[in-house]
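Q: Please take a close look at one helix of this chain. Show how its two sides are arranged, and then how it fits into the rest.

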Amino acid sequence: MSMVQRLDAADALPGAVELRARTYELLRLEPGCAVIDVGCGAGLAVAELSSLGFPAVGVDLSAEMVEEARRRSPDRDFLIGSAYALPVDGGFAGHRAGKVFHELADPEAALAEARRVLVPGGRIVVSGPGWEALVIDSSYPALTREIARGFRRLLTGNGFVRCRSRA
Ligand SMILES: C[S@@+](CC[C@H](N)C(=O)[O-])C[C@H]1O[C@@H](n2cnc3c(N)ncnc32)[C@H](O)[C@@H]1O
């Protein structure tokens, strides 16, 4: 199964539509505000955010992914590029990354780059596997818990402030 097929299968799982919608909601974009979707894959979120009226740019390291995204959504904006050196100047109110940060060798560098492209007060929304909801059969539960909590600390340790949900 190719990566695109795996992503399509994930997008067909129960709750996937609601999860994506929740990430858009958490961005709290004002009408017309620009958003960048990093590690955009085949471009579904960019297509959906654009349809909601937000100028959206998708960036992915993989030329094949960007090609597929452009094939599926030819009217939308997709660029080949890295989360560490986004091929944009900035001015984004929202930075979204779905199922990406756990793949990054240097997530702190990607967070610094997110900060560069966000306007003051801009928001980052990262989504991915629910590590604390997974059952990990580990002989070292304390260490496992530390790893599971590490990602949250990564964000707060790099200057991002957690905002409580309005709902
Ligand atoms: C699991 S896929 C998720 C795709 C999409 N966000 C989604 O939710 O369906 C991870 C994506 O991140 C991309 N990616 C991995 N490392 C990256 C990096 N350093 N910079 C930009 N994109 C990256 C991969 O090419 C892949 O398309």
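A: Start with the outer side of helix α4. The face turned away from its buried side carries the exposed residues Ala63 and Arg71. Exposed means that 12 or fewer other C-beta atoms lie within 10 Å of the residue's own; buried means 20 or more, and partly exposed is in between, with C-beta atoms placed from the backbone. Helices (H or I, at least four residues) and strands (E, at least two) are DSSP runs, numbered from the N terminus.

This is a predicted model: local features need pLDDT of at least 70, side-chain atom pairs count only at pLDDT 80 or more, and totals for chains, interfaces and linings use all residues. Residues are numbered from 1 along each chain as its sequence is written.

Now the inner side. Met65, Val66, Glu68 and Ala69 are buried in α4. Seen down the axis of α4, these buried residues fall within an arc of 160 degrees, so they line one face of the helix. The arc is that of the directions from the helix axis to the C-beta atoms. The cover over the buried residues of α4 includes α1 (3-11), α3, β2 and β3 (77-80).

Next, the core. The largest nonpolar core has 31 residues, and Ala69 is one of those that touch the most other members, along with Val35, Ile36, Val38, Cys40 and Val46. Such a core is a set of buried Ala, Val, Leu, Ile, Met, Phe, Trp, Tyr and Cys residues joined through C-beta atoms within 7 Å. Elements giving two or more residues to this core include α4 (63-72), α3 (44-51), β1 (35-38) and β2 (56-60). The largest share, four residues, comes from α3.

Cys40 ties in here. Leaving out residues up to four places away in sequence, Cys40 touches Ala69 of the helix, and also Ala45, Val46, Gly58, Val59, Asp60 and Phe78. Contact means C-beta atoms, placed from the backbone, within 7 Å.

Then step back to the whole chain. The chain has six helices and five strands. Along the sequence, the pattern is α-α-β-α-β-α-β-β-α-β-α. Buried residues make up 28% of the 167 residues. Of the contacts with a separation of 6 or more, 61% join residues 24 or more positions apart. The radius of gyration is 16 Å, which agrees with the value near 15 Å for a compact globule of 167 residues. That radius is taken over C-alpha atoms, and the globule rule is 2.2 Å times the number of residues to the power 0.38.

Conventions:
Two residues are in contact if their C-beta atoms, placed from the backbone, lie within 7 Å.
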